[in-house]
2 protein chains.
Amino acid sequence: MRPYGHVALIGLGLIASSISHAMRRAGLEARITGTARTAATREAAAQLGLGEIVETPGEAVAGADLVVLCVPVGAMAEAAEAIAPHLAPGATVTDVGSVKRAVVEAVAPRLPDHVAFIPGHPLAGTEHSGPAAGFAELFDNRWCLLTPPPEADPEAVARLAAFWEALGARVETMEADHHDLVLAVTSHVPHLIAYTMVGVADDLRRVTASEVINYSAAGFRDFTRIAASDPTMWRDVFLSNKEATLDILGRFTEELFALQRAIRLGDGEHLHGYFTRTRAIRRGIIEAGQDTPSPDFGRIGRKG
Amino acid sequence: MRPYGHVALIGLGLIASSISHAMRRAGLEARITGTARTAATREAAAQLGLGEIVETPGEAVAGADLVVLCVPVGAMAEAAEAIAPHLAPGATVTDVGSVKRAVVEAVAPRLPDHVAFIPGHPLAGTEHSGPAAGFAELFDNRWCLLTPPPEADPEAVARLAAFWEALGARVETMEADHHDLVLAVTSHVPHLIAYTMVGVADDLRRVTASEVINYSAAGFRDFTRIAASDPTMWRDVFLSNKEATLDILGRFTEELFALQRAIRLGDGEHLHGYFTRTRAIRRGIIEAGQDTPSPDFGRIGRKG
């Protein structure tokens, strides 16, 4: 597969920074240009040596055969608008947004016909943000989901897939709406719940802050890690994947009320049966290679 | 502080096994006796060399100056009943249950006056259970909360605290009801929520099992780890800390509905403000030394 000769990164946060690091690690010889909204981010990215950092999206994409939109989902339309007049014929435009239907609607109508838009979503991230948070291993063994439109050129899709595989990712394609439902279950609603629980703890004046922090047993500590993720990114995720999020949330509260009722009524059998069933899914994830079975839950000193 | 000469472990799961390992690591020269309900567990514990394994609680506690009840919360009353006639005068009885008020009510009235009952709760665990899951480092730098009754002998409390500190833990004392409220926030309700979310994913037939497992992004993967915890232990936790769990659950659903409404109405400002606030609690936990800030969130290869 012919590699890209010039990759443009629009937005220079954790993901763009990691793409740059991973491209160098893979020995890809492409020219890398990049830009970000604020001068502070551009300066940080330049100091980190992430690529040729320029002031405007138009300058960044000029001559690029791959353009990766790495801005929050809510800023995709504006970014598409800014790059459209400057895109080279035959270029591929992709993105790394956590939702896909809303990105398709924001970006596709704004791009010229002479480029291919193939939305993408690497399932990778940390609770840190900004260009300094990036690292070359971020995508290793993680999935990158592409949601090409039905009319997409198969060669352009394969070329983009090969790019992500060179960065360490595994690639799968699916339909945009299906992507949004799967992610609502596996990521969006879990994040909303974690944010909520941490908010409850924060509000609870009978339990002092230092107690909540000191005695943060395993469950809560993992929630705070999730709830430390980038606020802007997650605001945009919920606003732009509204339908699937509300659908899954409805099911969640339904189940939660059933468990709450079992607790109130002292129905131990119901609780035990439920908890036994959820154990099995964990085994599936370990077998799928997406986590390790090491007995480190709640331990200090996890290492990446 | 005079160390214990003979420690009896009633129940031989993850916690009892880790106590035995940590005692040896600390060089404590106490005799260790232990028993468990099933022959299979007793056999496994004997093969692991956790101590002198005997068939009945009565044999295990004979002559012990420290007895640690390591059975599920729902089995505490029965365990107390079984050991009561065999306890040595002046012995200390403690436990490791995740709730304290219910354990006090189950155990205290069944013990003779010539022993000191000092409830305890080490905030440590993994999602694995059974004697083979134990390891010497489990309590290192974790809190162990003691909830001595007002009339407890301060010297007996200090002696038990020194024991836990020798195993690597930090010790704090508090009132039993307060313990139960703090833990409802930091552990019990987070676990219930994680169980619920994993159950929702399992039910959702539109999202195939392999997709939920393959694409288990960070949020959900952490939930499955939590939801793989011992079903019997957690059933007992919820049944025996009913009041505080339902109280915190009520607050949780209240907050969740407010966020759900903000999503439905597209109120990005509310969401962003909420998510920004929850980020701060995470920093507090890292500063309190209860987790590391390393950017490994969602990474394969975490190590303990």
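## Strands 1 and 2 of chain B

His6(B) has Arg31(B) as its bridge partner in strand 2 of chain B. This is a predicted model, and that pair belongs to a longer match-up: strand 1 (residues 6-10) and strand 2 (residues 31-35) of chain B run parallel and share 5 bridges. In general, strands of a sheet pair through backbone hydrogen bonds, either parallel or antiparallel.

Zoom out a bit and you get an open sheet of 6 strands in chain B, ordered 3-2-1-4-5-6, with parallel pairing. Which strands stand at the edges? Those are strand 3 (52-53) and strand 6 (116-117) of chain B; each has a single partner strand, so one side of each is left without a neighbour in the sheet.

## Helices on the chain B sheet

Helix 1 (residues 14-25) of chain B packs on this sheet, where it touches strand 1, strand 2 and strand 4 (66-69) of chain B. The direction of helix 1 makes about 160° with that of strand 1 of chain B.

Helix 4 (residues 76-83) of chain B is another one to look at. Helix 4 lies across strand 1, strand 4 and strand 5 (92-95) of chain B, and its angle to strand 4 of chain B is about 155°.

## The nonpolar core

The largest nonpolar core holds 192 residues. Which of them touch the most other members? They are Ile10, Val67 and Val68 of chain A, along with Ile10, Val67 and Val68 of chain B. As a rule, nonpolar side chains tend to be buried together in soluble globular proteins.

Take Val68(A) as an example. Leaving aside residues up to four places away in sequence, Val68(A) touches Val7(A), Leu9(A), Ile10(A), Ala16(A) and Ile19(A), plus Thr94(A), Asp95(A) and Val96(A). So much for the core; chain A also has a sheet worth a look.

## The three-strand sheet of chain A

In chain A, 3 strands make an open sheet in the order 7-8-9, and the pairing is mixed. Strand 7 (120-122) and strand 9 (170-173) of chain A are the edge strands, pairing on one side only. With direction ignored, neighbouring strands here are turned by 20° against each other on average.

Where does the mix come from? Strand 7 and strand 8 of chain A pair in the antiparallel sense over 3 bridges, with His121(A) bridged to Leu145(A) in strand 8. On the other hand, strand 8 (residues 143-146) and strand 9 of chain A run parallel and are joined by 4 bridges. Over there, Trp143(A) has Arg170(A) as its bridge partner, and Cys144(A) stands opposite Val171(A).

## An unusual phi at Asn141

Most residues other than glycine have a negative phi. Asn141(A) goes the other way, with phi near 65°. Asn141(A) sits in the loop between strand 7 and strand 8 of chain A. Is Asn141(A) buried or exposed? Somewhere in between: 14 other C-beta atoms lie within 10 Å, so Asn141(A) counts as partly exposed.

Chain B has its own case: Asn141(B) isn't a glycine either, yet its phi is positive at about 65°. Asn141(B) is in the loop between strand 7 (120-122) and strand 8 (143-146) of chain B. Asn141(B) is partly exposed, again with 14 other C-beta atoms within 10 Å.

## Two domains in chain A

The domain assignment splits chain A into domain 1 (6-174) and domain 2 (178-287). Their C-alpha centres lie 30 Å apart. Where the two meet, 14 residues of domain 1 are in contact with 15 residues of domain 2. On the domain 1 side, the touching residues are 6 nonpolar, 5 polar and 3 charged.

Definitions and conventions:
Residues are numbered from 1 along each chain as its sequence is written. Chains are lettered from A and ligands numbered from 1 in the order in which they are written. This is a predicted model: local features need pLDDT of at least 70, side-chain atom pairs count only at pLDDT 80 or more; totals for chains, interfaces and linings use all residues. Domain bounds come from an automatic or database domain assignment. Two residues are in contact if their C-beta atoms, placed from the backbone, lie within 7 Å. Ala, Val, Leu, Ile, Met, Phe, Trp, Tyr, Cys and Pro count as nonpolar, Asp, Glu, Lys and Arg as charged, and the others, Gly among them, as polar. A nonpolar core is a set of buried Ala, Val, Leu, Ile, Met, Phe, Trp, Tyr and Cys residues joined through C-beta atoms within 7 Å. A residue is buried if 20 or more other C-beta atoms lie within 10 Å of its own, exposed if 12 or fewer, and partly exposed in between; C-beta atoms are placed from the backbone. Two strands pair if DSSP finds at least two bridges between them. Helices (H or I, at least four residues) and strands (E, at least two) are DSSP runs, numbered from the N terminus. Axes are lines fitted to C-alpha atoms, for helices over the stretch in contact, and angles run from 0 to 180 degrees between N-to-C directions.
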